[in-house]
Amino acid sequence: MNKGLILLLVLVLNIPVLAYAQTCDFSFFILDQTTLNQLFDENQDCEVHDGPIFIDQPSIVDLTPMANVRVIRGDMWITNTTLTSLTGLESLDSIYGNIIINDNDFLIDLGALEQLSYIEGIVIRNNTVLESIDPLPSIDGIIDRIVVQECPMINKIIGFTNIHSLEKVDIDLNQNLDTLIFLQDLVYVEDEFKIHGNPIKHLKISPDINFIGDDLRLDDMLVDSLPLFNKLDSVGAIAIFRNDSVKYFNGFQSLKKLTSGNLHISTNGFLSMNAFSSLEYIEGAITIQFNSNLKSILGFNSLLEVGERLVISSITELVEIVAFQSLERVDGGIDLSDLWSLENIDGFQKLEEAGSLILIRLWAIENLDFLESIQKLSNWLFLNDLTELNDISAIGNIEYNDLVRIDIRGCWPLEICNYPSICNYISEEIGLTVIQGNSSGCNSVEEILEACITNTTDDQIESNIATIVPNPSIGAGSLIFNQAFTGELQVYDVLGRKVLESNLSEAFSYDLEINTPVPQAFTVRLVDQNNTVSILKWLSN
């Protein structure tokens, strides 16, 4: 290669160059002090080590034999030693890899790394008396990872500027970390971004982060407000836990999708939240729970689909949900439970399909009108301990064939349950049904079945539009209509089981044929196109 081109690359890329430095093309695995002394005494002229260096074992107490090392082309591991400092590494200028400093119980400071100007990543973990990671935060251009975990004596991390892209950020379980002001220029994180288990009171990070490939986690902090992340467009998953001092949660206003995991907001001190206004899709679940002071949930105005469950639960002070106005589908189902004070649900108006519907202990909800567009449930329908509920007509015509359980209990004012979806589910014995603790008319399966067969709901008008001849009959009978009939024919036995069903079009008659070994009384139910119901009794001998 042309020498001028080499010089140009060096100047442009700011690559450290060691003139006439000897390179040693091998890795060092150092497991005791004697080996360390011998290796570096025998290779005193090696300023550049072309391979990783592993220093591991409690017998290692002195790094001064490494005084000539200036460049390491690979990772440098310093783990499980009894070092109190890194004296001996004062000449180290560049590490083309990560520096990993783990499990050094006596290491107090990293000051010997003052000359280090290039490094790809930092992992500092479980150094019980380490008081500071300085001077590492002054290094520009880190591209791999910044990990600081379980270092209980560190109380502040300030720096790491001029870094635009990283693979991973993990500040985790540092028991006295009070101040975290770093990564002011960060835009892109390939993997996860986690600030977890640190009692941070002062937090400042880049407002320009627009991509996080995996998890974003923010929890156990003592800050008054959380970063807004208002330029974040895509993230794998989000977890926000136990931030007791944060009263108002706003942000994530540009986020459009969660690509691989869940959104979990739990056990925070929020009074209100208004966030995620641009979110359109989430692959996993949404869980908002145990935020005991939360009074209002707003936002989620653009959300169309949730891949798993939507859970809002155990928030006893929650008064209103004004959110989810565009939501059309929740594959795993909706669970609203233990929301004792919830009075207003202004959302879910466009919801058409959900895996399950679980409503438990919503003590102020009188009807299900917020579910007016629901068309299909495919697993469970639970309405339990809704002590003010008196109207479930909004779910009266849902598709019911994929339901496996209907459970309506403890809804004291609820009298009417004989809507088509519930009637058909019970009469066709599709799955388990539990009905109890409601008002008369909807207090048992038998009461509902009787109402399904003999009664009509408020929007139906009972009329006789046909006769059965002969009646009683021996075997088959004929249903004779007064005029052409279009609608649904249903026949029930004395146990409320549907034994015959047919859709008729412009019919003037229909032959009733049911094989029965003994005489039985049947109820014939006709529902025309206007949802008008006629009930006829038929005895077949």
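# Exercises on a predicted model

Lys194 is found in strand β15, which spans residues 193-196. The structure is a predicted model, and the exercises below start from this residue.

## Exercise 1. A lysine in a strand

Determine whether Lys194 counts as buried or exposed, and state which residues it is in contact with beyond its neighbours within four places in sequence.

Solution. Begin with the accessibility: the relative value for Lys194 is 15%. The cut-off for a buried residue is under 20%. Lys194 therefore counts as buried, its 15% lying under 20%. Next, set aside the neighbours within four places in sequence; Lys194 is then in contact with Val169, Asp170, Ile171, Asp172 and Arg217.

## Exercise 2. The overall form

Explain why the protein is described as spread out or compact.

Solution. First, note the make-up: the protein has four helices and 42 strands. The radius of gyration is 35 Å, whereas the globule rule gives 24 Å for 541 residues; the value is well over the rule, so the protein is more spread out than a compact globule. Then consider the box filled by the C-alpha atoms, which is roughly 115 × 50 × 45 Å along the principal axes. As for burial, 49% of the 541 residues count as buried. Finally, take the contacts between residues at least 6 apart in sequence: 46% of these join residues at least 24 apart.

## Exercise 3. A sheet with parallel pairing

Give the order of the strands in the open sheet of five strands, and identify its edge strands.

Solution. The order is β19-β22-β25-β28-β31, and the pairing is parallel. An edge strand pairs on one side only, and this holds for β19 (248-251) and β31 (344-345). To follow one edge inward, take β19 and strand β22 (residues 272-275), which are joined by four bridges in the parallel sense. Within this pair, Gly251 stands opposite Ala275 of β22.

## Exercise 4. The two faces of a strand

Sort the residues of strand β38 (residues 466-469) by covered and uncovered face, and find the residue that Ile468 stands opposite in β39.

Solution. The general principle is that side chains in a regular strand alternate between the two faces of the sheet. In β38, Ala466 and Ile468 make up the covered face, while Thr467 and Val469 make up the uncovered one. The partner strand is β39 (residues 477-492), which pairs with β38 in the antiparallel sense over four bridges. Across this pairing, Ile468 stands opposite Leu479.

## Exercise 5. A cavity and a helix

State how many cavities of 30 Å³ or more are found, list the lining of the largest cavity, and describe the burial of helix α3.

Solution. The search of the whole structure finds one such cavity, and the largest cavity has a volume of about 30 Å³. Its lining consists of Leu381, Ile395, Ile398, Tyr400, Leu403, Ile406, Ser421 and Ile422. By class, seven of these are nonpolar, one is polar and none is charged. Ser421 and Ile422 also appear among the buried residues of α3, together with Cys423, Asn424, Tyr425, Ile426 and Ser427. Helix α3 (residues 420-427) is thus mostly covered, with seven of its eight residues buried. After α3 comes Glu429, which has a positive phi near 50 degrees.

## Exercise 6. The largest pocket

Describe the volume and lining of the largest pocket.

Solution. The volume is about 230 Å³. The pocket is lined by 15 residues, and Leu203, Ser225, Leu226, Pro227 and Leu228 lie nearest its centre. By class, the lining has eight nonpolar, four polar and three charged residues.

Definitions and conventions. Residues numbered from 1 in each chain as written. Predicted model: local features only at pLDDT ≥ 70, side-chain atom pairs only at ≥ 80, totals over all residues. Heavy atoms only, no water. Buried < 20%, exposed > 50% of the residue type's maximum accessible area, 1.4 Å probe, protein only. Pairing = 2+ DSSP bridges. 1 Å grid on protein atoms, 1.4 Å probe; cavity = no way out; pocket = protein on both sides within 12 Å on 5 of 7 lines; lining within 4 Å. Points joined across faces, edges and corners; volume = space filled by probe spheres on them. Nonpolar A, V, L, I, M, F, W, Y, C, P; charged D, E, K, R; others polar. Rg over C-alpha atoms; globule rule 2.2 N^0.38 Å. Contact = heavy atoms within 4.5 Å.
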